[in-house]
Each structure stands twice: as C-alpha cells, then as structure tokens.
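Let's walk through this one as a quick back-and-forth. Have a look at the model first, then we'll get into the details.

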Amino acid sequence: MSLQEARSHIAAARAITILTGAGISADSGVPTFRGTEGLWRNYRAEDLATPEAFARDPRLVWEWYSWRRELIATKQPNPAHLALAELERRRPETFWLITQNVDGLHRAAGSQCLSEIHGNIWKMRCTGCGLVSDNREVPLPILPTCLQCGGLLRPHIVWFGESLLEEDLRRCDEALRSCDLLLVIGTSGMVYPAAGFASVAKEGGALVIEINLESTQQSNLVDLSLQGRAKDLVPLLL
Ligand code: OAD
C-alpha cells in the first residue's frame, strides 16, 4: 500500500481510532522510554515507576517526576499532535484517541476525545482520600500533600504492576472494536495492554497503519508500516 492509498483509506474511513506512544512527543523534545536516548537507559523502572518504589522512597520518585514535569513544561505540541486534534474537530463522533503518554501534549493541542490510559503527569492522587487534582506547579515541593486531608500525594500515573482504569479499558475496547481504521503512532509496542490493541482492532476487521521511526514488534501484523518522523508523516497522511 502506498502513502497515497493510505491517505484515501483514512479519508474514506467510517470510524478512526488512534494509538500514540512516546514517539509522537519525541518530536516536541520529550524523551522516549526505550532506545538509545530513552529514559530506561539511565533509570530503572523498578526504582521509579512502581507502587513498591513509591512506598520505599516517595522522595526519590517525586524527584524524578518533578524533573520530568519541569522538562515537559517547556515543550509544545508538534504538527503531529495538532493534525490529530484537527482530525477530531472534523469528525468528533467517529474518532477516538488512545494515548500512553502522560505529558498532556494531546490536550494542549486541543484533543478532547481521548483516553490517557497511563494517566497524566499534571494530575495527582491522594494516597489517603483518593482525591484526584490538577496541579501544574513547577517546581514542586519535595513531598506534595493533599489540600483536603493532608495525605501524601502521588503522581496520577499507572505504574508497572498497576491496572488501567476499568472505564478506560472499556472505552478503548469499544473504540478498537468499532473502528475500521487504527493508526498506531510512535510506540514500541512493548507494554501491555496497549501492545495488544493493534491485534484487537485487526480482529474487528480494521485496517491498521503504523507510523514509527523504525520497525517494531507490531510491524509484521499491521497492513502498512510507514517509517519516518511522526511530525512529518501524520500531517501528510491526514
Ligand atoms: P517507547 O520509548 O517504548 O517507544 C517509543 C517508540 O517511538 C519507538 O518505537 C521509537 O522508534 C518511536 N519513535 C521515536 N521517535 C519517533 C518519532 N520522531 N516519530 C515516530 N516514532 C518515533 O515508548 P512507548 O511505546 O510509548 O509507561 O512506551 C510505552 C510505555 O512504557 C510508556 O507509556 C511508559 C513506558 O514505561 C508509563 O509511563 C506508565
């Protein structure tokens, strides 16, 4: 399938679902997780992104998230984020965006029909009363506490070993099974359940197109694998 044919399929699609990963934000300057420049090269997920790590050393975990918040605060949505927001504006009823990214750049670009399945770095959750709050403070106090009950706050992020929200899973399943086109952008396809989403969409009969800098675990499964930068290819396709 050529790029031109892919464009025609997208234009003719009845319902479109998008799955994004860190690669779409790489073009905004946000580091990815895997690969030579990835965060997991220099940091161990077990020390920073698990409930056990937070129980053991909340200060260390918050320092890492605080550093990432400071970095992300300086970044802007790129043409790929903006093209997806524009596509949603054109067809809000037949569009759903699933992102694994916690950076909030899709929302900043104007996307509203989306599931942030791994949470959002600009939200916090109280470990005491469970209250979820928005917080854009940068830099953060070292151990932020809940305004409602004084409990310790944690990042509102789904860590390794934790489950996605039921509501998000249900919404994603619906979007994957009902779409006739799935666009998978900038994800290595290594982390479940998102790594299984392309298969779910294919089982439902959807055409699956991947955009990535390189071939991935999923490239053999998809109908078309386009290699290049998300910020160039996504606007071109849409
Ligand atoms: P990864 O870091 O695993 O993969 C990023 C993918 O983006 C790779 O396949 C790259 O080849 C590709 N990529 C890099 N730059 C690109 C560009 N400019 N254009 C297109 N593609 C590009 O990130 P994810 O797949 O998102 O979990 O990782 C999944 C989850 O693992 C993350 O959500 C995170 C992490 O641990 C949590 O934070 C809970």
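Helices (H or I, at least four residues) and strands (E, at least two) are DSSP runs here, numbered from the N terminus. Heads up: this is a predicted model, so local features need pLDDT of at least 70 and side-chain atom pairs count only at pLDDT 80 or more, while totals for chains, interfaces and linings use all residues. Residues are numbered from 1 along each chain as its sequence is written, and side-chain values use heavy atoms, with hydrogens and water left out.

Q: In which loop is Pro193 found?
A: Pro193 follows Tyr192, and the peptide bond between them is cis, with omega near 5°. Most peptide bonds are trans. As for the place, Pro193 is in the loop between β7 (181-185) and α10 (197-203).

Q: What is omega for the peptide bond from Val138 to Pro139, and is that bond cis or trans?
A: Pro139 sits in the loop between β5 (132-134) and β6 (153-157). The bond from Val138 into Pro139 has omega near -5°, and that makes the call cis.

Q: Which residues are the closest to the ligand?
A: A residue joins the shell if one of its heavy atoms lies within 4 Å of the molecule. On that basis, 23 residues surround the ligand. The closest are Phe33, Arg34, Thr187, Ser188 and Asn212.

Q: How many residues of the shell around the ligand are charged?
A: For the bookkeeping, Ala, Val, Leu, Ile, Met, Phe, Trp, Tyr, Cys and Pro count as nonpolar, Asp, Glu, Lys and Arg as charged, and the others, Gly among them, as polar. The shell has 9 nonpolar and 10 polar residues, and the charged ones number 4.

Q: Which helix gives the largest share of the shell around the ligand?
A: The largest share is 3 residues. They come from helix α2 (residues 22-26).

Q: Why does the ligand lie between domain 1 and domain 2?
A: The domain bounds come from an automatic or database domain assignment. Domain 1 covers 3-29 + 77-118 + 164-237, and domain 2 covers 31-74 + 120-157. The ligand lies between them because residues of the shell come from both domain 1 and domain 2.

Q: What share of the ligand's exposed area does the protein bury?
A: Start with the polar backbone atoms around the ligand: one of Ala22 is 2.8 Å from a ligand oxygen, one of Gln100 is 3.1 Å from a ligand oxygen, and a backbone N or O atom of Ala230 lies 2.9 Å from a ligand nitrogen. Taken alone the ligand exposes 800 Å², and the protein buries 94% of that. These areas come from the Shrake-Rupley method with a 1.4 Å probe; for residues, only the protein chains shown count as cover. So the share asked for is 94%.

Q: Why is strand β2 largely enclosed by the rest of the structure?
A: Buried means under 20% relative accessible area, exposed over 50%, and partly exposed in between (1.4 Å probe, protein chains only). In a regular strand the side chains alternate between the two faces of the sheet. Both faces of β2 are covered, with Phe95, Leu97 and Thr99 on one side and Trp96 and Ile98 on the other. Strand β2 (residues 95-99) is largely enclosed because the buried residues are 5 of the 5.

Q: How many bridges join β2 to strand β3?
A: Two strands pair if DSSP finds at least two bridges between them. Strand β1 (residues 16-20) runs parallel to β2, with 5 bridges, and Thr17 has Trp96 as its bridge partner in β2. Leu97 is partnered by Leu114 in β3. Strand β3 (residues 114-116) also runs parallel to β2, and the bridges joining them number 3.

Q: How far is the backbone nitrogen of Ala22 from a polar atom of the side chain of Asn101?
A: A polar contact is a pair of N or O atoms within 3.5 Å; within protein, one must be able to donate a hydrogen and the other to accept it, and residues adjacent in sequence count only if both atoms are side-chain atoms. Asn101 is in the loop between β2 and α8 (105-109), and is buried, with a relative accessible area of 6%. Its side chain reaches the backbone oxygen of Gly21 at 3.0 Å. For the Ala22 nitrogen, the distance to a polar atom of the Asn101 side chain is 3.0 Å.

Q: Which residues make up the uncovered face of strand β9?
A: Strand β9 (residues 224-227) pairs with β8 (residues 207-212) in the parallel sense over 4 bridges. Its covered face holds Leu224 and Leu226. The uncovered face is Ser225 and Gln227.
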